Amino acid sequence: MSLLKYIGRRFVSAIPTLILITFLSFGLLYITPGGPVEALAGMFGTPEQKVRIRQELGLDDPVHVQYLRWIKGVFSGDFGEMIVMAPGTPIAEMLRKPLITTFWLTVAGALVALTVGLTIGALSAIKPNSWLDSLSRVTSIATYSIPDFWLAIILLFVFGVIFRYRWAISGKIDFSRNVVFSLQSLILPAIALGLAKAGIVARITRGELYDVQNKPFIQFERVMGLPNRIVIKDMLHNGILPIVTVLGYTIGLIFRGTFLVEVVFGTPGIGLFLVRAAKTQEYALLQTLVLVIGTVFILMNLLTDILYGVLDPRVRT
């Protein structure tokens, strides 16, 4: 099977899951208490006011008509308007900066997790059953056991409260205005997100490379006295598939972890908006955020499957 055909099949297989996510997102309007009518009418809204609001919002239409109208707006980039936090403001406009902020947090956390995890795992596999291997395994277990939000609180207390670094408590990440300050503000959230997930990468990397290094061609390279960097490169090349799987899974966990870490550091990303939307009963925003989060996880799984097909043609058969 060609690579393009394989990619097409993976895209098609992801469509049912995406449709299910749209159902769940749309269903938030009905399964959560209150609703946009209560949010707009307020505590002292009269029945007449609530009837008028329902008519204006089209909530008196059949459910399938409401869903088709909503999904049509989603495909056209129209997610509705804010009704509580910023009345009349398009949701797509409000989410642009939070999405960019969460993207940078996810990328930075993934870089920390991959760098630390791959390094620890590779070093542990090169010297099995040595003090370095023991130290690497203890480190990987320790980092895997640390919740990212707890580590974020510790880092915020140390650098923001004790040492009083302004960038540690600013939560501002805007590379269009101040690149240096944004990079500084990105350090602590990235460490909190990355270290908490580096242990997963390290454990899988160590296990795969340990198995690969006992194969004849790796033993031959060691006998020939090739440098460790070449040996590690060949080991990674032959043990990369399971590592790619855990990398995709880890990036998904980091993306999910950004929600709590953003709340700890006050970073205006998707996580902080999700909390605010829940508190203010901003249902249209909640619907959009659930749809965005679910779509990101689908895309991460899809990207992992595609990388599988690129790295190992046997998967495409």
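1. Domain bounds, as the term is used in this note, come from an automatic or database domain assignment. On that basis the chain is divided into domain 1, made of residues 1–77 together with 282–317, and domain 2, which covers residues 96–280. The centres of domain 1 and domain 2, taken over C-alpha atoms, are separated by 29 Å.

2. Please keep in mind while reading that this is a predicted model. The mean pLDDT of the chain is 82, and 93% of its residues reach 70 or more. Confidence is lowest in helix H2, residues 36–41, where the mean is 65, and it is highest in helix H7, where the mean is 90. Statements about helix H2 therefore call for more caution than statements about helix H7, since pLDDT is the predictor's confidence in each residue.

3. As to the overall build, the secondary structure of the chain comes to 14 helices and zero strands. Along its principal axes, the C-alpha trace spans about 85 × 60 × 35 Å. Of the 317 residues in the chain, 41% are buried. Among the contacts with a separation of 6 or more, 71% are accounted for by residues that stand 24 or more positions apart.

4. How many residues of domain 1 are in contact with domain 2? There are 14 of them, and they are in contact with 18 residues of domain 2. The size of an interface is often given as the accessible area lost when the parts come together. For domain 1 and domain 2 about 1,400 Å² is buried between them, and 84% of this area lies on carbon and sulfur atoms. The rule for salt bridges finds zero of them across this interface, while the count of residue pairs in polar contact between the two domains, with both residues at pLDDT 80 or more, is one.

5. By the same kind of rule, the count of salt bridges comes to four. One of these joins the side chains of arginine 137 and aspartate 133, with a distance of 3.4 Å from N to O. Both residues lie in helix H6, residues 131–145, and they are four residues apart, which is about one turn of the helix. Is aspartate 133 buried or exposed? Aspartate 133 counts as buried because its relative accessibility is 0%, whereas arginine 137 is partly exposed, with a relative accessible area of 29%.

6. Aspartate 133 also forms a salt bridge with arginine 206, the closest N and O atoms being 2.7 Å apart. Because aspartate 133 lies in helix H6 and arginine 206 in helix H9, residues 179–212, this pair ties together parts that are 73 residues apart in sequence. Arginine 206 is itself buried, since its relative accessible area is 14% and the cut-off for a buried residue is under 20%. Taken together, Asp133, Arg137 and Arg206 are linked in a network of salt bridges.

7. A further residue to look at beside this network is serine 124, which lies in helix H5, residues 91–126. With a relative accessible area of 1%, serine 124 is buried. When its neighbours within four places in sequence are left aside, serine 124 is in contact with Asp133, Ser136, Arg137 and Arg206.

8. Another salt bridge is formed by aspartate 148 and lysine 197, whose closest N and O atoms are 3.0 Å apart. This pair links distant parts of the chain, with aspartate 148 in helix H7 and lysine 197 in helix H9, 49 residues apart. Aspartate 148 and lysine 197 are both buried.

9. A last point concerns the backbone at arginine 164. Most residues other than glycine have a negative phi. Arginine 164 is not a glycine, and yet it has a positive phi of about 55°. Where is arginine 164 found? Arginine 164 is found in the loop between helix H7, residues 148–162, and helix H8, residues 166–170. With a relative accessibility of 68%, arginine 164 counts as exposed, because the cut-off for an exposed residue is over 50%.

Methods:
Residues are numbered from 1 along each chain as its sequence is written. Side-chain values use heavy atoms; hydrogens and water are left out. Helices (H or I, at least four residues) and strands (E, at least two) are DSSP runs, numbered from the N terminus. Buried means under 20% relative accessible area, exposed over 50%, partly exposed in between (1.4 Å probe, protein chains only). pLDDT is the predictor's confidence in each residue, from 0 to 100. Contact means heavy atoms within 4.5 Å. Buried area is the accessible area (1.4 Å probe) that two parts lose on being put together, summed over both. A polar contact is a pair of N or O atoms within 3.5 Å; within protein, one must be able to donate a hydrogen and the other to accept it, and residues adjacent in sequence count only if both atoms are side-chain atoms.
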